[in-house]
Structures are given as structure tokens and as C-alpha cells.
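Please look through the structure shown below with the following explanation at hand. The text moves from charged pairs to backbone details, and from there to the interior and the surface.

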Amino acid sequence: MAAVYKSLTGSSTKSVTTSGAPVKKNKQRVLILSSRGVTFRQRHLLNDLYALLPHCRKDAKLDTKTKLYQLNELADLYNCNNVLFFEARKGKDLYIWMSKAPNGPTVKCHMQNLHTTSELHFPGNCLRGSRPILSFDATFNTSPHLILIKELLTHIFGVPKGARKTKPFVDHVMGFSLADGKIWIRCFEIRETAVSKSDARTQPAEDMEKQMVAVGEKGETKINLVEIGPRFLLTPIVILESSFGGPVIYENKEFVSPNQIRSELRLSKAGRYNQRAEQQIERKAKKGDLGLRTGKERPNGELEDRVLFA
């Protein structure tokens with residue numbers, strides 16, 4: 001009814017800047033889905049991200065792992081311009097595809113050390129549907145591929161103002177840090193507590209000034225960050241020019257596939273077994289050269305009791 005009233009009365013006003021130009025709205029919508037074969041922890045992580053991002057749409061599992069270009073059609077059907085796809089392989093490895101539909105680019109990352117909100121048991125909590133503050137490490141501005149990844153993460157995890165199911169509150173922070181070539185993602189609640197007299201006595205004045213914010217005449221509050229989860233880290237693998245396809249514009253040469261790591265572990269175990277088998281063969285040959293019992297029946301000698309007293 002409000003939309004009908006505005007259309008009839010013509011009272012709808014568009015927000016403009018100081019120069020008179022209309023304000024550009026941030027219209028970002030994210031399609032989040034997974035492939036077949038995800039584990040229960042990976043499924044719970046997807047549900048946690050869906051709860052943190054009110055501007056995303058959730059779809060059923062994708063049946064194919066080769067025809068990923070079909071995700072562009074799904075994003076078009078749901079009117080989404082960002083895609084967050086969880087690809088599970090062998091029930092062990094999880095890869096994340098982040099794409100700008102339909103023209104790209106696309107970033108493929110390997111996810112490790114994932115922990116859901118339920119298994120962390122942190123005391124923090126945030127309002128469902130609230131908007132987060134995105135905090136990026138300064139290292140993201142050092143190279144072109146990191147700038148592109150930062151922009152893509154901003155479009156996916158940055159909830160636009162006025163999006164569906166959003167509430168006008170900002171009560172949590174999502175931190176993106178870069179260390180050892182991996183992106184560490186964590187989520188914190190912004191908690192405000194009243195300053196007690198014991199805190200004012202124990203802590204120095206300089207530390208209290210950093211944590212206090214004036215709140216009118218009622219007094220002052222102390223702001224702390226309490227982790228609420230989930231937490232995980234991403235290792236960038238490749239960046240494609242278009243959406244789920246196209247030429248490779250960046251490739252991480254330092255990335256080692258988890259399949260190769262498991263293969264090397266199996267080869268190392270097989271090498272130890274072969275070494276033990278060779279040692280047993282050498283030991284039996286040495287015993288045979290010394291005339292010791294090697295597990296076979298020795299021929300009867302002339303001085304044995306069975307020959308002398310036969």
C-alpha cells in the first residue's frame with residue numbers, strides 16, 4: 001500500500017548528494033549453494049553464512065561439477081549478481097567459487113580449518129539480519145590480484161543498505177587477514193558494556209580512554225570484540241576472467257593440491273615398507289651364508305644321533 005500511495009501522490013523522493021547527483025545504490029545479491037557430497041560440517045558452515053548474509057538467496061544442491069556455467073543461469077533466475085558456490089570433492093576437500101555473474105571475474109579458493117558457529121561455543125551473538133563492518137588487512141592493497149579479491153569479498157559479504165531482510169543495525173565485524181598466502185576470515189560481535197568502578201580502578205586511564213565511548217549523560221560504555229564464528233581460511237588457486245570460465249589471469253604457483261599431499265604420504269609409507277622387506281631378505285641371506293637356521297630343514301650330518309644310533 002505504501003508503494004501505491006507514493007505512486008499516486010508522487011511523494012517519493014530520491015536521495016541526492018550535495019552536488020545534486022543521485023546517490024548510487026549498492027544493489028548486491030548473492031546466490032549461495034553447494035554441490036553433492038558435502039559433509040555435515042560443510043553444510044552447517046553454509047547455513048551459518050546464509051544466516052549472516054540477509055541479502056543472499058539459497059538454492060538446492062547442484063548436480064554437476066563440470067558444467068559450472070549453469071550457475072550463471074541460476075543467478076539470472078534469482079536476480080543475483082554474485083555467486084558463492086561450495087564444491088566438495090572426495091568427502092574431504094572443499095573448494096569455494098566466488099564469481100560476479102554473468103561477466104566475471106571468478107576466484108577459486110581452497111577452504112581449510114573450517115569451524116562452524118555451533119562447535120566453537122563462543123559467548124558472542126549478533127542480531128539476525130544486521131549489517132557487518134568489513135575489516136581488511138592492509139596487505140590486500142599490495143598486489144593487483146589481492147585488490148580484485150578484496151573487491152569481490154566486499155561485494156559478497158558486504159550487506160547493502162536497504163536490502164531484503166536487513167535490519168538497521170551494525171553489531172558485528174568480519175575480519176579478513178592475509179598471512180602465509182592464505183586469507184583468514186573471522187567474525188566478531190561488537191559488544192558494549194557499562195564501565196564499572198572496578199574496571200576504572202584496575203585499568204590505566206589511557207587504556208580506558210581507548211575502549212570508552214561517550215553515550216550522552218548516562219555515562220560511558222566499553223566496547224569489546226567477542227568472536228561469534230564461523231572461522232575458516234581460504235587459499236586462492238586461480239582467477240578466471242569470466243564467470244566460471246575464460247582464460248586464467250592469475251594462478252597461485254605455491255598451491256599444492258591435497259591429492260598430491262596424500263599421494264606423497266602414501267608413497268613415503270610404501271617406501272618404509274619396501275625398506276623393511278629388503279632388510280628381511282638381506283638378514284635371511286646373511287644367516288644362510290653363516291650356516292645358521294634359516295627356517296628350512298638342515299640335511300642329516302654323519303655325527304648326529306639319528307645317524308649313529310640308527
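**Salt bridges and the parts they join**

In this predicted model, the count of salt bridges comes to eight. One of them pairs Arg36 with Asp63, whose closest N and O atoms are 3.0 Å apart. Arg36 belongs to the loop between β1 (30-34) and α2 (40-52), while Asp63 belongs to the loop between β2 (56-58) and α3, so the pair ties together parts that are 27 residues apart in sequence. Arg36 is partly exposed, with a relative accessible area of 45%, whereas Asp63, at 62%, is exposed.

Helix α2 takes part in another such link, since the side chains of Glu119 and Arg41 meet in a salt bridge with an N to O distance of 3.0 Å. Because Glu119 lies in helix α4 (residues 117-120) and Arg41 in helix α2, this pair ties together parts that are 78 residues apart in sequence. Both partners count as partly exposed, Glu119 at 31% relative accessibility and Arg41 at 29%.

Between strands, Arg186 forms a salt bridge with Glu227, and here the closest N and O atoms are 2.5 Å apart. The two residues link distant parts of the chain, with Arg186 in strand β8 (residues 182-194) and Glu227 in strand β10, 41 residues apart. Salt bridges that share partners join Arg186, Glu227 and Arg231 into one network. Within this network, Arg186 is partly exposed at 34% relative accessible area, but Glu227 counts as buried at 7%.

**Backbone details**

Most residues other than glycine have a negative phi, and most peptide bonds are trans. Against that background, a cis peptide bond joins Gly104 and Pro105, with omega about 5°, and Pro105 is placed in the loop between β4 and β5 (106-115). The peptide bond from Gly229 to Pro230 is likewise cis, with omega near -5°, and Pro230 sits in the loop between β10 (220-227) and β11. Positive phi values occur at Lys90, where phi is near 60°, and at Asn113, where phi is near 50°. Lys90 is found in the loop between β3 (82-89) and β4 and, at 62% relative accessibility, counts as exposed, while Asn113 lies in strand β5.

**Interior and surface**

The protein has nine helices and 12 strands, and buried residues make up 33% of its 310 residues. Among contacts between residues at least 6 apart in sequence, 67% join residues at least 24 apart. A buried example is Asn72, with a relative accessible area of 15%, which is placed in helix α3 (residues 70-77). Leaving aside its neighbours within four places in sequence, Asn72 is in contact with Ala101, Pro102, Ser243 and Phe244.

Which residues line the largest cavity? They are Leu49, Leu84, Ile96, Met98, Leu153, Phe157, Ile185, Phe232 and Leu234. The elements giving two or more residues to this lining are β4 (93-100), α5 (144-157) and β11 (231-242). The structure holds one cavity of 30 Å³ or more, and the volume of the largest cavity is about 30 Å³.

On the outside, the accessible surface of the protein comes to about 20,200 Å², of which 53% belongs to carbon and sulfur atoms. Val256, Ile261 and Leu265 form a nonpolar patch on this surface, with about 250 Å² of accessible area together, and Leu265 lies in helix α8 (residues 258-290).

Notes
Residues are numbered from 1 along each chain as its sequence is written. This is a predicted model: local features need pLDDT of at least 70, side-chain atom pairs count only at pLDDT 80 or more; totals for chains, interfaces and linings use all residues. Side-chain values use heavy atoms; hydrogens and water are left out. Helices (H or I, at least four residues) and strands (E, at least two) are DSSP runs, numbered from the N terminus. Buried means under 20% relative accessible area, exposed over 50%, partly exposed in between (1.4 Å probe, protein chains only). Contact means heavy atoms within 4.5 Å. Patches are made of residues with over 30% relative accessible area and no salt bridge: like charges are joined within 9 Å, nonpolar side chains (Val, Leu, Ile, Met, Phe, Trp, Tyr) within 5 Å. Accessible areas come from the Shrake-Rupley method with a 1.4 Å probe; for residues, only the protein chains shown count as cover. A salt bridge is a side-chain nitrogen of Lys or Arg within 4 Å of a carboxyl oxygen of Asp or Glu. On a 1 Å grid over the protein atoms alone, a cavity is a set of points where a 1.4 Å probe fits but cannot get out, and a pocket is an open set with protein on both sides within 12 Å along at least five of seven lines; lining residues have an atom within 4 Å of a point. Grid points are joined across faces, edges and corners, and a volume is the space filled by probe spheres set on the points.
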